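Thanks, everyone. Let me put the model up, and we will go through it residue by residue.

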Amino acid sequence: MNIVVERLCYHPKGVLGRFQIKDQEFYTIERAWVNNEPYISCIPEGNYIALPYSSEKYPDTFEVMEVPNRTKILFCHKGNYPHNVQGCFALGLSVWDDRIAVQSSKAAMEKFRELTKGVEEIQLSVGSYFPEYP
């Protein structure tokens, strides 16, 4: 499975992004960019492989592999705000108009799990999307 995360907003409070699986659009929230510092920064833009990961706290998700100087970066888990993650991606079904946050994270994770059931590997591309205006 291929997933392209388009980061839409880099803000000192966090990073908002989006991606699509089939006809379902998801939004991501991450920590702000702080030079790839573990636990306090989003990961660098780039191409990664994500493999299945499951624990009691974070069941049925994926771990992003080979992030420079980082381990246990999960794609994805529940969380609405940047402080709910420590370098990972949290999912939502929409963004809040007045906050650097996502909404409906639990529902987003349920849908994500449904769409990725049985997937053994995700080719993950993380980049920026800033539309040009005329």
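Start at the backbone oxygen of tyrosine 39. In this predicted model, that oxygen sits 3.1 Å from a polar atom of the arginine 31 side chain. A second backbone oxygen is in reach too: the arginine 31 side chain comes to 2.8 Å from the oxygen of valine 85. So where is arginine 31 in the chain? It is in a loop, the one between strand E3, residues 24-30, and strand E4, residues 46-53.

Now the charge. Which side chain of opposite charge is nearest to arginine 31? It is glutamate 30, and that one is 10 Å away. Arginine 31 is buried and has no salt bridge. What we do see for its side chain is the pair of backbone oxygens, from tyrosine 39 and from valine 85.

Look at the surroundings of arginine 31. I leave out neighbours within four places in sequence. On the early side of the sequence, the contacts are Gly14 and Val15. Then comes a run: Tyr39, Ile40, Ser41 and Cys42. Then another group: Pro82, His83, Val85, Gln86 and Gly87. Tyrosine 39 and valine 85, the two oxygen partners, are both in that contact list.

Second arginine: arginine 7. This one is in a strand, E1, residues 2-11. Is arginine 7 buried or exposed? Buried, with a relative accessible area of 0%. Its side chain also goes to a backbone oxygen, that of isoleucine 43, at 2.9 Å. For scale, take histidine 83, one of the contacts of arginine 31. Arginine 7 and histidine 83 are 76 residues apart along the chain, and their C-alpha atoms are separated by 18 Å.

Next stop, glutamate 63. It is in strand E5. Its relative accessible area is 14%, so it counts as buried, the limit being under 20%. What does its side chain reach? The backbone nitrogen of lysine 72, at 3.4 Å. Sequence neighbours within four places aside, glutamate 63 touches Ile49, Ala50, Leu51 and Tyr53. It also touches Lys72, Ile73 and Leu74.

That takes us to lysine 72. It lies in the loop between strand E5, residues 61-64, and strand E6, residues 73-77. Lysine 72 is partly exposed, at 48% relative accessible area. Beyond four places in sequence, its contacts are Tyr53, Glu63 and Cys88. Tyrosine 53 is also in the contact list of glutamate 63. One distance to note: lysine 117 is 45 residues from lysine 72 in sequence and 20 Å from it in space, C-alpha to C-alpha.

Now the backbone oddities. A general reminder first: most residues other than glycine have a negative phi, and most peptide bonds are trans. Lysine 72 has a positive phi, near 50°. Asparagine 69 has one as well, about 60°, and it is not a glycine either. Asparagine 69 is in the loop between E5 and E6. How much of asparagine 69 is accessible? Its relative accessible area is 72%, so it counts as exposed.

Then the peptide bond. From phenylalanine 75 to cysteine 76, it is cis, with omega near 25°. Cysteine 76 is in strand E6. Please look at that spot on the screen.

Last, step back to the whole chain. It has one helix and 10 strands. Where does the helix come in the order? From the N terminus we get β-β-β-β-β-β-β-β-β-α-β, with the helix just before the final strand. The radius of gyration is 14 Å, close to the 14 Å from the globule rule for 134 residues, so the chain is as compact as a globular protein of that length. The C-alpha atoms fill a box of roughly 40 × 35 × 25 Å along the principal axes.

Burial and surface, quickly. Of the 134 residues, 44% count as buried. The chain exposes about 7600 Å², and carbon and sulfur atoms supply 48% of that. Among contacts with a separation of 6 or more, 51% join residues 24 or more positions apart.

That's my tour. Over to you.

Definitions and conventions: Residues are numbered from 1 along each chain as its sequence is written. This is a predicted model: local features need pLDDT of at least 70, side-chain atom pairs count only at pLDDT 80 or more; totals for chains, interfaces and linings use all residues. Side-chain values use heavy atoms; hydrogens and water are left out. Helices (H or I, at least four residues) and strands (E, at least two) are DSSP runs, numbered from the N terminus. Buried means under 20% relative accessible area, exposed over 50%, partly exposed in between (1.4 Å probe, protein chains only). Lys and Arg count as positive and Asp and Glu as negative; His and the chain ends are not counted. A salt bridge is a side-chain nitrogen of Lys or Arg within 4 Å of a carboxyl oxygen of Asp or Glu. A polar contact is a pair of N or O atoms within 3.5 Å; within protein, one must be able to donate a hydrogen and the other to accept it, and residues adjacent in sequence count only if both atoms are side-chain atoms. Contact means heavy atoms within 4.5 Å. The radius of gyration is taken over C-alpha atoms; the globule rule is 2.2 Å times the number of residues to the power 0.38. Accessible areas come from the Shrake-Rupley method with a 1.4 Å probe; for residues, only the protein chains shown count as cover.
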